[in-house]
Amino acid sequence: MIPLVKRALAVLLVGTAAAVAVNLAITPLYHDGSSTYPVWEVINWFMAPSAIVVLAVSYLRRRATSGRDVGVVDYLRVTLSYYGSIALAMLFFWGWFWTLDPDSETGEAVTSHLVYFPLVDALFVVLALSVGRHLWETAVD
């Protein structure tokens, strides 16, 4: 991958992760109690391509280490990132598609999303920062 592309993707991931982390922390301070979350609606459009990048890079890293003799720490790092990125992609896109048509669920399902989204956002922040760091550091290779 071209170093400039790696750096650009790293900036996307780290910047989006920072926005998600900050907004996750401050949402209870500014949210008016309505069923809409306009700031999250914008951030989700950055999270979607970021989640795909995290999944793609994690897959490529996993494939590159497959069959090679790597240390236990590197193996765990790559494997956890890979499987975590799969879980992140499934959970994020399910939730995001749900927000595009929120009338499809009502009642307790809506309340459960108040717990669901912060967990997905936390997973996103951890994986996006990790993969973003990896991309930045390997851009000079």
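**Arg 7 and Trp 136.** I looked up Arg 7 in this predicted model. Arg 7 lies over the face of Trp 136, 4.0 Å from the ring centre.

**Aromatic pairs.** I then turned to the rings. I noted a count of 11 aromatic pairs. Trp 96 and Phe 97 make up a stacked pair, with 5.8 Å centre to centre and 25 degrees between the planes. I checked how far each residue is covered. Trp 96 has a relative accessibility of 9%, so I entered Trp 96 as buried. Phe 97 has a relative accessible area of 49%, so I entered Phe 97 as partly exposed.

Next I looked up Tyr 116 and Phe 117, which form an edge-to-face pair at 5.1 Å centre to centre, with 75 degrees between the planes. Tyr 116 counts as buried because its relative accessibility is 16%, and the cut-off for buried is under 20%. Phe 117, at 22%, is partly exposed.

**Aromatic cluster.** I found Trp 96 and Phe 97 again in one aromatic cluster, together with Trp 45, Phe 92 and Phe 93.

**Second largest pocket.** I noted a volume of about 270 Å³ for the second largest pocket. Which helices each supply at least two residues of its lining? I found α2 (38-65), α3 (72-100) and α4 (108-138). The largest share, 4 residues, comes from α4. I sorted the lining by class and entered 3 nonpolar, 3 polar and 6 charged residues. Among the lining residues I listed Arg 61, Arg 68, Asp 74, Arg 77, Arg 133 and Glu 137. The lining also includes Ala 64, Val 70 and Val 78, as well as Thr 65, Ser 130 and His 134.

Technical notes:
Residues numbered from 1 in each chain as written. Predicted model: local features only at pLDDT ≥ 70, side-chain atom pairs only at ≥ 80, totals over all residues. Heavy atoms only, no water. 1 Å grid on protein atoms, 1.4 Å probe; cavity = no way out; pocket = protein on both sides within 12 Å on 5 of 7 lines; lining within 4 Å. Points joined across faces, edges and corners; volume = space filled by probe spheres on them. Nonpolar A, V, L, I, M, F, W, Y, C, P; charged D, E, K, R; others polar. Phe/Tyr/Trp six-rings, centres within 6.5 Å; stacked < 30°, edge-to-face > 60°. Buried < 20%, exposed > 50% of the residue type's maximum accessible area, 1.4 Å probe, protein only. Lys NZ or Arg CZ within 6 Å of the ring centre and 35° of its normal.
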